[in-house]
Amino acid sequence: MRYEPDIISKKIEKKHKIKKLFILILYILLIPTIIFSLFLIILELGNSHEVPSFLNIDVYTISSESMRPKLKVNDIIIVKKGYPSNKYKVGNIITFKNSDGKLITHRIIQIANDDGEYSFITKGDNNEVQDDEIVKYNSVVGKVIYTMPKFGSVVKILKNNFFFGFCIVLLIAILLYDIRIKNRKISRKLTREKYEKKSEFYF
């Protein structure tokens, strides 16, 4: 009977550790999600099809069917900038700006070299004819080097104000719950110390 308080205490401590680990996992998931979501919401004010640009790399969301089946709507593409003109080859998928300033991602089907000045004829894989405009090198943003299928749907969710608000409310609820658990732990510790002192007085 003398060791029952220790056994109970260990069980309580074990449950507390499990709860603490669960809360820690939620923090690890929620905090970066909220930060990235906020960043995307701010970025949305500038360009709805573009997500963070870094290390000479742009990230875009596909918004048309012109490159099916290779690229589908809501796929994310990683576009590497800074290639010299002679590094672009037939078959490369590039992102470029047309005369209206619209970003387009199509495949190079032919390359022209006029005294060192390169230009490209492009075509969407899903289009029957090539693009009307010839793409000059200075209009090219970069070459597509990686694709994340359907990840654009995740980006859309992260950019959603309702989702951002939900994450904030959930984080606050977890913080309050975490504080409550810590306060209860302190309270139990004080009660246990009080009980132990009283026991020492009688024995």
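A salt bridge here is a side-chain nitrogen of Lys or Arg within 4 Å of a carboxyl oxygen of Asp or Glu. Keep that cut-off in mind for the views below, which all come from a predicted model.

**View 1. Lys81 and Asp58 hold hands across a loop and a strand.** The side chains of Lys81 and Asp58 form a salt bridge, with N and O at 3.5 Å. Lys81 sits in the loop between β3 and β4, while Asp58 belongs to strand β2, so this pair ties together parts that are 23 residues apart in sequence. The two ends differ in cover: Lys81 is partly exposed at 25% relative accessible area, whereas Asp58 is buried at 5%. In total, the rule gives 3 salt bridges.

**View 2. Strand β3 has a partner on either pairing.** Residues 76–80 make up β3, and 4 of these 5 residues are buried. Strand β2 (residues 57–61) pairs with β3 in the antiparallel sense, over 5 bridges. Strand β8 (residues 140–148) also runs antiparallel to β3, again with 5 bridges. Ile77 is a handy residue to centre on: Tyr60 is its bridge partner in one pairing, and Thr147 in β8 stands opposite Ile77 in the other.

**View 3. Asp125 reaches Arg107.** Here the side chains of Asp125 and Arg107 meet in a salt bridge, N to O at 2.7 Å. Asp125 is in the loop between β6 and β7 and Arg107 is in strand β5, so the contact links distant parts of the chain, 18 residues apart. Both ends are partly exposed, with Asp125 at 29% relative accessibility and Arg107 at 22%.**View 4. The β5–β6 hairpin, with β7 alongside β6.** Strand β5 (residues 103–114) and strand β6 (residues 117–123) run antiparallel and are joined by 7 bridges. Together they make a hairpin with 2 residues between the strands. One turn residue, Asp115, has a positive phi of about 55 degrees. Across the pairing, Ala112 stands opposite Ser119 in β6. β6 also pairs with strand β7 (residues 135–136), antiparallel and over 2 bridges. Phe120 and Val135 of β7 face each other there.

**View 5. A salt bridge between Glu65 and Arg68.** The closest N and O atoms of this pair are 3.4 Å apart. Glu65 is partly exposed, at 39% relative accessible area. Arg68 also counts as partly exposed, at 34%.

**View 6. A nonpolar surface patch that includes Leu29.** Leu21, Leu24, Ile25, Ile28 and Leu29 make up the patch, and together they have about 480 Å² of accessible area. Leu29 lies in helix α1, which spans residues 4–44. At 52% relative accessibility, Leu29 counts as exposed.

**View 7. The buried face of helix α2.** Gly152, Val155 and Leu158 are the buried residues of α2 (residues 151–158). Down the helix axis they fall within an arc of 115 degrees, so they line one face of α2.

**View 8. Stepping back to the whole chain.** The protein chain has 3 helices and 8 strands, in the order α-β-β-β-β-β-β-β-β-α-α along the sequence. Of its 203 residues, 29% count as buried. The chain exposes about 14400 Å², and carbon and sulfur atoms supply 61% of that area. Among contacts with a separation of 6 or more, 56% come from residues 24 or more positions apart.

Methods
Residues numbered from 1 in each chain as written. Predicted model: local features only at pLDDT ≥ 70, side-chain atom pairs only at ≥ 80, totals over all residues. Heavy atoms only, no water. Pairing = 2+ DSSP bridges. Patch = residues over 30% accessible without salt bridge, like charges linked within 9 Å, V, L, I, M, F, W, Y side chains within 5 Å. Areas by Shrake-Rupley, 256 points an atom, 1.4 Å probe, with all protein chains shown as cover. Buried < 20%, exposed > 50% of the residue type's maximum accessible area, 1.4 Å probe, protein only. Arc of directions from axis to C-beta. Contact = heavy atoms within 4.5 Å.
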